[in-house]
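Q: Please examine closely one part of this model, the place where two domains within a single chain meet. Then set that part in the context of the rest of the assembly.

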Amino acid sequence: MARLARIELTADEIEHYTGHLGRVLEHARELDDLDLADVPPLAHPYPLRNVFRDDVAGSPVDRDEVLSQAPAASDGQFEVPPVLGDPS
Amino acid sequence: MKGASLIAHDVRTGARRATDVLQDFLSRVEAHDGDVHAFNTVTAEQARAAAAAIDAAVDEGRDPGLLAGVPVAFKDNLCTRGVATTCSSRMLEGWQPPYDATVVQAMTAAGAVMIGKTNLDEFAMGSSTEHSAFGPTRNPYDLTRVPGGSSGGSAAAVAAGFAPLALGSDTGGSIRQPASLCGIVGIKPTYGRVSRYGLVAFASSFDQIGPFATDVADAALALGVISGHDPADSTSIPAAVPDYTSALDRGVEGLRVGIVSELAVASAEGQAARARSGGCHPAAGTSWGDGGNTPSGYDISAEAAWLRDGFDPEVVERLYGAADALAAAGATVDHVSVPAVAYGLTAYYLIAPAEASSNLARYDGTRYGLRVEGADVTEMNRLTRRAGFGDEVKARIMLGTFALSAGYYDAYYGKAQRVRMLTRRDFDAAYADFDVLLSPTSPCVAFRFGERADPMTMYRCDTCTIPSNLSGDPAMSVPFGTGAEGLPVGVQVMAPALGEETMLTVAAALERAAPPLSKPLLAGVAGSTGAQT
Amino acid sequence: MAAGWETVVGLEVHVELATDTKLFSAAPSRFGDEPNTNVTPVCLGLPGSLPVLNRRAVELAMAVGLALNCDIRPSVFHRKNYFYPDMPKDYQVSQYDQPICSDGWLDVPGGSRIGIERAHLEEDAGKTTHLGGADGRIHGAVGALVDYNRAGTPLLEIVSRPDIDSAAEASAYVEELRAILLALGASDARLEEGSMRVDANISVRPAGSDELRTRCEVKNLNSLRSLRNAIDYEAQRHIELYAAGEAPVQETRHWSEDGRTHSLRSKEEADDYRYFPEPDLVPLVPDDEWIAQVRAAMPELPASQRARLHECGAGAEDAQVIVGRGLAPVVLGAVAAGADARRTVTHAVQNLALDGAELLDPDGLASLVHLETSGQLTATQAKTVLVEMCARAVAAVRAAPAEADGPSGSASAGARAFDPAAIAAELGFEAMADDELEALVDQAIADNPEAWAKFCAGEAKVAGVFVGAVMKATRGQADGQAVTQILVQRRNA
C-alpha cells in the first residue's frame, strides 16, 4: 500500500498504519450482515447528468505565477529528478 | 439585527465605516488569537485595502453589496489568490494559488472583507483541529478543550468574535460539529448547492462549503451569497437561490419533525432514549412514539458498533428539549427510524479515504508545495509525501488505497457505495413523512486535547453528521443550551435536498427557544465592539 | 507467415480529437506553443481545480462511434490512479467499464469486417523531456522537464477486436479508420506526428483454430510501415518460440527502427490502477435525440464516397486514392455540378496529390474541367491552373488561421472561389482561336512534307511530328487533341 501510495514508511510506521487499517476494516465487517444484492452503488449524492462546457477557449494561467510556486523550474518548465521506468 | 447583518446594514447606510469595523475585529484578533490560534494567516493589510474600497464605494453612492464591510474568515483550504493556502499541511506551506475559489469571489463581490485564513485539521481530516501541522486551535469556551474540526479555526474565530462570519467545509461534519462545540451556527448545504471550485478536495463526493455565524440570520445571509450554480463545478446544481432570510420567520406550525431514533440513544448510564424522553420532559406532556417507521427493515440495535456506546446524556436531553420547543411552537414531532445511519460511519470511512487517496496523489513535489529531493522522481515523491503529510493523513491515504485496490474494491469501496444508496433510500423514506429530521450534532461536548487520541474514538464524533454527507442532503447545527461543564450543545436539523429554507425555518424557531449559552471566555472582549446590539 | 500458423491482431488506436479546447478545461488544445502556456489550474492539477466536460469532444466521439456502427451508451468517467510526473493529478480521467461507444465494426475495403470492441474518451498526459541522457533518452538522464501543454487534450481510444489476421489487413484497417476520422473532421489523425497512435496486440495460433494465445502489446508504431513490419516480426518471433517449445510472455514491447521489438523494462510496481468513478464528473447519458442530431450532422463516410466514385467511373484503386486524400467531397461535388466525371477523377488522381487540394471549391473544379473539355484550356494548362488554385486556397487559409478549422471552415469558402478562368487569364493561357491554331498546323504540314505524305497514307503515328511542331511553336500551350483533329480534317478534305 505504501508503495502504491508513494509514501516512504519505516517498518514501525507500516505496523502502525496496518493496525489502524485493521481496526477500520473490523468495523467494515458489519456491512457483511447487510443484504445489498438489490442495492446499486451510489457515487453521486445529487442526480445530475450531462454537464458540459462549450468548446470555447478561456484564458490560461500566467506561467510565471505558476512556476514561481514550483519547487524547481527551468526554461518555462517544471523540473524534476530523473524519471526511471514507466508510469506506475 | 445583530452581527454580520447589522454591520452590513450600518456600512451600507453610512452609519459605520468598514475600516472601523475591520479595525475592531483586527484588534480582537491581535489581542486573543495568540491564545486561540484560530488563524493560520491574518490578512490585515489586504483587508484594510478592501475595507477602504468598500468605504469609497459607499462615499460614491454605490452599493457595496449584501455583506458590505463584513469581515469574513476563510478556512485555509479555500483558494485565495496570492494568499497562502496551506490546508494546515507542511505539504502546502506557503503555497499561493493563482486563483480565488468561487465562494471567495462571491463573498468578496458581496462586499465581505477577508480577514484571514483559519486553521483546520490537515487537509480537513479530523474532528478536533488537533491534526494541524501548525498546532491546534483552542475552544474559546475553554482553552483546554478542542473547538471540534476539521473547521475548528473558522468556528473558533466566530465564537471568539474574531470575525462575524466564516466559511468552512464539511465532508463528514466538519462545519456542524465544531459549530456545536463552539456554540455557534454552522450550515452544511445540499451537496451541489455551493460551488466546490477552489476548495482543496478531501473527499469530492462529500465536500461541501458552508457558513459559520453567531446566529441563524447571519448564516442564512451568508448562505444566500455563496449558493448558486457555478459552471466551473460539474456537480453544481443549476437551481435558483431562494431568499433564505425570508424563511426565518415562517414559523413551524404544521411542520412534521422527526427525531432520528438511532441518533437519540444516550449512553449506558443514561439508559434508553425513550425512557429518558418520557421522563425528562413532562412540561411538553409529550411521549414520542417510535413512528413505526423502519424503511429498510433492519433492527436498529443490530450490532451497530459505532452507536453501541451511545451519546452524552445531556446531549440527548437537549435534543428532546429542542423537540419539545418545536412541538410547543406548533410542529408535530415523532420518532423516525433511519436504520442505515447505523452503518454510515463505516461506509464513510471507506469511501472518503478512497477519494482522498486519489485527491491527495497530486502532492508529489513536482508542481507546487513541498519537495524533498531524491535520486529519481519516485524517491522524490516518496520522501516528499513522507515529510509533507501528517500521521492522520497518511493513515487515511493508506486506508483509501487499500479500499480501492484490486481484489478488495468490491468488498470495501463497492459495498460502502451500496450502503450509501441505502442511506439515501432510508432518508427518502423518512422525508416522505417528515419535513425535517432532528438529532444531536455531536455525541459529546467539547473534549480536552489528547482525550481522543485513538482514531476510532475520534471518528465516532462524526456519527450524527456523516449520514447527511452520505445522502448529500442539507443539515445544520444550531446551539441549544449547554451540557457537561456548561459547554455548548448543538442540535442538528436535517432536511431533504434543497430543503434549506425549511431547515432554516426550524433552526430559527429553535434559536428563539434555546436556553441561553454561557458566554465564551473571550465574550467580554467581543461584546465591546458593538458587533452585537 | 510460416505454414500452419495464423496471425491474430487487435489494434488500440488513440486519436487526438480536433477540439479547440481540452477535454476538461478551457485551455487551448494547441501544439507548438511555448511550454506551459496553454494551461489552466485544471491542466496543472492545482488544488481546488475541477473538471468540466467538453461537449464538442463528446460529440466527436459519438460521431466516430456511429461511423464505426457502435452503440452509443451511457458512460461514467473513472479515475485511473498512477504516479507519473507528466500526469498532473497523478490520476488519468478515462471512461473505464462504461465507454461511450461499444460493439461496432469497421469494414476494411476489399477485406473483412473487423469488430470494434469499444471507443472511449480519456485525457492525454503532458510531455516529459529527459535531460542529459544521450538523445533525450531516459537512461543516463540527470533530470527531466515537464510541459503540461498537452495535458488534458481529448483522446479517443478505439479498440478493435482481435479480428485482424495480417499486417496488410492491420494497415488497411488503420487507413480506413483514418479516412473516417478525416471525413468526420474528428482528428487530423497523423501517425508521424502522434495525433494518431497505434498499439498492436499480437499473437499467433495454429491455422484454423479459434483459440487466443498469449499476446504481446507492441508500442511505438509511428507509421503504417512500422505497423506492418512489427506485426510480421512479432508473429514470427512467437512462431519461433512455439517451435522451440517455449511460449511468449504477455508483456509490452517497443518497436524500434532496427526492425525488432524489445521488451520494455518490467515495471517496478505492479499495475493496480485502483479505478473508481470520478466524483468530480457526473454521468454522461446521451439520449436518442442527441444521438440523432449528431448522426444527422455527419458528413458522408468513405465507404459511401467510394461507392459513388465508382458510379462516376472511378476504379477501386482510384476511388481509394481520392478518398484517402480527402478529395471525395470535391470530386463528387464537381461531378454533381456537371463536370465530366472521367476528367475530374483523372485530375484528382494524377494532379491533386497537393496540399490544399481538399480545400478546392467543387464548383471551381467543375469550371476548370469544363474549360478543358470545351477546349479552352489544354490538359497541361488545366493542370497548371489547378496547382495555382490549390496554392491560393492554402494561402487564403493561412491568412485567416482562426477559420482554418478544416474543410467546412466558412472563410475558406471565399478562398476557394477563385475562378479558374480568371487564373488562366492571369497566367496568359488565352484560349487559342481556331483559325490561329489551323494556321500553325498548316505551317507544320508545309514544313514536313514527307511526314504529311506518310500521314495521308494512313500512318497515324506520324501525327506526333505535327503535334510536336505545333507544341514547340506555342511553347506547349496548344491542345494536342485539337491539332490531331485539324490534321484529320486536312487529310480528309
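A: In this predicted model, 10 residues of domain 1 of chain C are in contact with 10 residues of domain 2 of chain C. Helix α2 (residues 167–184) of chain C provides the largest share of the domain 1 side, namely 6 residues. By class, that side of domain 1 consists of 6 nonpolar, 1 polar and 3 charged residues. The C-alpha centres of domain 1 and domain 2 of chain C are 34 Å apart. The domain assignment places domain 1 of chain C at 5–291 and domain 2 at 300–426, and it also gives a domain 3 at 434–492.

The nonpolar cores offer a second view of these domains. The largest nonpolar core has 324 residues, and B:Val72, B:Val113 and B:Val493 are those with the most contacts inside it. Domain 1 and domain 2 of chain C each contribute at least three residues to this core. A second core, separate from it, has 15 residues, among them C:Ile445, C:Phe466, C:Val467 and C:Ile486.

Chain C also meets chain A, in a contact that takes 46 residues from chain C and 35 residues from chain A. On the chain C side, at least two residues come from each of β2 (53–54), α1 (55–67), β8 (127–131) and β9 (143–147). Of the elements of chain C, β9(C) gives the most to this side, with 5 residues. The chain C side comprises 26 nonpolar, 10 polar and 10 charged residues. Strand β9(C) also pairs with strand β3 (residues 77–80) of chain A, in the antiparallel sense and over 3 bridges. Within this pairing, C:Val146 of β9(C) is the bridge partner of A:Phe78.

Chain A in turn touches chain B: 44 residues of chain A are in contact with 59 residues of chain B. The chain A side draws at least two residues from each of α1 (11–28), α2 (63–67) and β3 of chain A. Strand β3 of chain A thus appears on the side facing chain B and in the pairing with β9(C). The most is given by α1(A), with 7 residues. This side of chain A divides into 32 nonpolar, 4 polar and 8 charged residues.

In chain B, 11 strands form an open sheet with mixed pairing, in the order β1-β3-β2-β4-β6-β5-β10-β11-β9-β7-β8. Its edge strands, β1 (39–42) and β8 (332–336) of chain B, each pair on one side only. From one strand to the next, the twist averages 30 degrees. Within the sheet, strand β5 (residues 185–188) and strand β10 (residues 475–482) of chain B pair in the antiparallel sense over 3 bridges. There, B:Gly186 stands opposite B:Ser477 in β10(B). Helix α3 (residues 44–59) of chain B packs on the sheet and touches β1, β2 (71–75) and β3 (113–118) of chain B. The direction of α3 makes about 155 degrees with that of β3(B).

The sheet leads back to the largest core through B:Val72, one of the residues with the most contacts inside that core. Leaving aside residues up to four places away in sequence, B:Val72 touches B:Met107, B:Ala112, B:Val113, B:Met114, B:Ile115, B:Ala163, B:Leu165, B:Ala166 and B:Leu167. One of these partners, B:Val113, is likewise among the residues with the most contacts inside the core.

Note on methods
Residues are numbered from 1 along each chain as its sequence is written. Chains are lettered from A and ligands numbered from 1 in the order in which they are written. This is a predicted model: local features need pLDDT of at least 70, side-chain atom pairs count only at pLDDT 80 or more; totals for chains, interfaces and linings use all residues. Two strands pair if DSSP finds at least two bridges between them. Helices (H or I, at least four residues) and strands (E, at least two) are DSSP runs, numbered from the N terminus. Axes are lines fitted to C-alpha atoms, for helices over the stretch in contact, and angles run from 0 to 180 degrees between N-to-C directions. Two residues are in contact if their C-beta atoms, placed from the backbone, lie within 7 Å. Ala, Val, Leu, Ile, Met, Phe, Trp, Tyr, Cys and Pro count as nonpolar, Asp, Glu, Lys and Arg as charged, and the others, Gly among them, as polar. Domain bounds come from an automatic or database domain assignment. A nonpolar core is a set of buried Ala, Val, Leu, Ile, Met, Phe, Trp, Tyr and Cys residues joined through C-beta atoms within 7 Å. A residue is buried if 20 or more other C-beta atoms lie within 10 Å of its own, exposed if 12 or fewer, and partly exposed in between; C-beta atoms are placed from the backbone.
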